[in-house]
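Good morning, everyone, and thank you for making room for me on the agenda. I would like to walk through one structure slowly, moving from single residues out to the elements around them, so please keep the picture in view while I talk.

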Amino acid sequence: MDDDAAREAGPLPRLRLDELLEELQVRIDAVRGTRNRLQGLLEAVLSVGQELNLSQVLRRIVEAAVVLVDAEYGALGVIGEDRRKLSQFLPVGISDDQRSQIGDLPSGHGLLGELIRHPAPLRLPELASHPASSGFPAHHPPMHTFVGVPIRVRDDVFGNLYLTQKRGGIDFDDEDVAVLQTLGAAAGVAIENARLYEEVQLRQRWLQLSAEFTGSLLSGTDETSVLRLMVERAREIAGADLGLVALVTPDTEALRETLALGQQASAHHNVTLPRKGTFAGAALAAGELVTSDDVRKDPRITYQPARWEGLGPAVAVPIGKNSAVRGVLTLARRAERLPFSAAELTPLVGFAGQAALALELADRRRDAEQMSLLEDRDRIARDLHDLAIQRLFATGMTLQSAQRFVQHPEASERLVRAVDDLDTTIKIIRSTIFGLREQEAAPTVAGLRVRTVRAVEEAARVLGFTPSLRMEGLIDVDVPGAVADDVLAVLGEALTNVARHAHASLAEVALVVRGQALTLSVEDDGIGITDAADAHRSGLANLAARATGRGGTLSTAARKGGGTCLTWHVPLKIGH
C-alpha cells in the first residue's frame, strides 16, 4: 500500500517544484533586470558628469533618460529667466523632417507648462486625459503614456524631463519615476558644473579683450581702429549678430552711431540719432545696462524702429558713467535666437567700464602729446624767427650793399635774383611760423593749414583710417578766405566720396600753393570711378562747378596701382 500511495502522490511534488523553479527564475530575471537598470543608470550618470559643454550635457541627459525608461520619445525643456516658459527645448526620437513639419518647438504651454507651475513628478497613462493637455499640432506623432520630472540645480528648478510612449504599450511605473529622479539629481550637478565652467571661460575672454583693448589704445593705435576691435571681439564673445558703438556728441541731445558691424549694419553706420526714443538713449537715461527680448517691439524705441528688422534679443551698456560717459555699446541677436543670459551680461558691464577708462587714459595721453607738440612748434617758430630769418635778412642786406660794387650786368642781375629768392624764402618761413603758432589759436581764427588738418582728422572717423597729408607754399598768406572755404568744401566732399564709394584702405591729400595757383589733390587705392554716372552720383559735378566758378579745373584720373586721383586746380590773385 505504501508503494502505491507513493506512486499516486509522486506528480504533485514535482509540479510544485516546477512552479517554485519558474518563480525563482522570474525573480532572478527581475533582479538581473534591476541590476542592468542600475548599471545603465550608473553609466548614464558617469557619461553626463564627464561633459563640460552645457549643450552637450543637456543632450546626453535626455538621451540617457530615453534609454533608461525604454521610451520612444523624450525631451528636455529649459525654463527661461522669467520662470513662466521654456527658453530651450531639446527633443529626442523625432526626426529632422518631422520637426520641420511640426513647426515651432513648444515654449511651455499646456501640459508642459504644468510642470513649470508645479515642479513635481507627473505620471499619466493617457496624455489627453489631463486637464492641462492642449493637444498636438499637425504632423506630430501620436503620444499617450507620459512621465515628467523636474531637474533641480541646487534649490532652483532648471528645467524638466519629459518622456512619452513606453515601448511595449505599457505604462510608466514608480520605478521609472525613481530612476528619472535619480538621473535628474545627477544632471543638476553636471549642469551646474557646466554652467560654472562656461561662466569662467566667458569672464576670461572678456578680461583678455579688455587687456587687448587697453593695450591698443595706449600704444597709439587710432581710436577708430580700436573701437572696431572692441565691437568685433564683443560680438564674437557674446554671440551677437550685430554690434555697434554710438558716441556722445557735443550736442547733449544727440548720439552718433560711428561704427556698426554685422547684420543690418548699413542701417546703423554713421547715423546721428536722438537720445529720446532710441535703445542707446534708453541705456544712457538709465545709466546702466538695459536689455530687450525683442528689440523690434520694444516700446522704448520710437525713432525709426524699422532699423531693427530681423533682430530680436538686444543689450545696450553705457561706456562710462554720469558726466564721463563716452557712448553706448549695443549688441543684438537674430529674432529667432535666445535672449542674453545673466552669465553673458555680467562681464559686459565690467568691460564697458574698463573701456571707458581706457578711452579716458588715451585722451590724457593725446593731450600730453599735443602739449609736447605745441611746445616743440613754439620752440621751432621762435628759433626760425630769431635765428634763420635774421641771418637770411642780414645776408640779403649784404648782397644788396655789394650790388653797387658789381659792374658786370649779368652778375648784377644774378645778385638781384638772389636777393629776391631770399625775400621769398623769408616769406615762406614766416608763413610756416604763422602756421605753427596758429595751432594754438582759437578755432574762429584758424588758418587754412589748421582747418585742413582738422578736416582730415574728422574724415578719419568715417574712413576707418587716417589719410596722409602734405602741404606746401604760403597757404595761410596767399589763399583768400573765400577760396579757402572752397578748398575745405572740396576736400570734405572728396574724402566723403572715398568713404562711400571707393572701398579704399589708403588716401593721400596734397595742398600746394605754387606761383599764383592752388592745387588740391586727393588720391585713394579703391575701386575707381567706372563711368560718368558714377562721377555724377558721387558729387563731382559740384566740385567741377566750384573750380569753373574760380576759373580753374577739376580732373580725375586712374591712380597707378589702382584707385583714383582727383585734382582741383584754381588760380590765385596774389597781391591784389
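**A buried arginine and its surroundings**

Let me begin with one side chain, that of R333, which has a polar atom lying 2.7 Å from the backbone oxygen of A238. Please keep in mind throughout that this is a predicted model. R333 belongs to strand β11, and, because its relative accessible area is 4% and buried means under 20%, we count R333 as buried. Leaving out residues up to four places away in sequence, R333 touches A238, G239, A240 and D241, and also L311, G312, P313, L338, P339, F340 and E344.

Now let us step back to the sheet that holds this strand. Which order do the six strands of the open sheet follow? Reading across, the order is β8-β7-β6-β11-β10-β9, and the pairing is antiparallel. At the edges we find β8, residues 271-274, and β9, residues 290-292, each of which pairs on one side only. On average, and ignoring direction, neighbouring strands here are turned by 25 degrees against each other.

Looking at one pair inside the sheet, β10 (residues 311-319) and β11 (residues 327-334) run antiparallel and are joined by seven bridges; to give you one place to look, A314 has A332 in β11 as its bridge partner. Across β6, β7, β9, β10 and β11 lies helix α8, residues 279-286, which runs at about 40 degrees to β10.

**A long helix and the largest core**

Let me turn to another part of the chain, where the largest nonpolar core has 32 residues. The members that touch the most others are L448, V479, V487, L518, L520 and W568. Two or more residues come from each of α11, α13, β13, β14, α15 and β16, and α13 gives the most, with ten residues.

W568 is a good residue to select on your screen, since its contacts beyond four places in sequence include D486, V487 and V490, as well as L518, T519, L520, L543, R546, A547, T553 and L554.

As for α13, does its length fit what we should expect from its number of residues, or not? At 1.5 Å a residue, its 22 residues should span 32 Å, and the end C-alpha atoms are 30 Å apart, which agrees. Among the buried residues of α13 are V483, A484, V487, L488, V490 and L491, but also D486 and N497. The buried residues of this helix pack against α11, β13, β14, α15 and β16, and after the helix comes H503, whose phi is positive, near 55 degrees.

**A threonine in a loop**

My last residue is T145, which lies in the loop between β3 (122-124) and β4 (146-153). Is T145 buried or exposed? T145 is buried, with a relative accessible area of 7%. Its side chain reaches the backbone nitrogen of K166 at 3.1 Å, and, aside from neighbours within four places in sequence, T145 is in contact with residues including L124, P125, L163, I170 and F172.

To finish with the whole protein, there are 15 helices and 16 strands, and 41% of the 576 residues count as buried. Among contacts between residues at least 6 apart in sequence, 59% join residues at least 24 apart.

Terms used. Residues are numbered from 1 along each chain as its sequence is written. This is a predicted model: local features need pLDDT of at least 70, side-chain atom pairs count only at pLDDT 80 or more; totals for chains, interfaces and linings use all residues. Side-chain values use heavy atoms; hydrogens and water are left out. Two strands pair if DSSP finds at least two bridges between them. Helices (H or I, at least four residues) and strands (E, at least two) are DSSP runs, numbered from the N terminus. Axes are lines fitted to C-alpha atoms, for helices over the stretch in contact, and angles run from 0 to 180 degrees between N-to-C directions. Contact means heavy atoms within 4.5 Å. A nonpolar core is a set of buried Ala, Val, Leu, Ile, Met, Phe, Trp, Tyr and Cys residues joined through side-chain atoms within 4.5 Å. Buried means under 20% relative accessible area, exposed over 50%, partly exposed in between (1.4 Å probe, protein chains only). The expected span of a helix is 1.5 Å times one less than its number of residues. A polar contact is a pair of N or O atoms within 3.5 Å; within protein, one must be able to donate a hydrogen and the other to accept it, and residues adjacent in sequence count only if both atoms are side-chain atoms.
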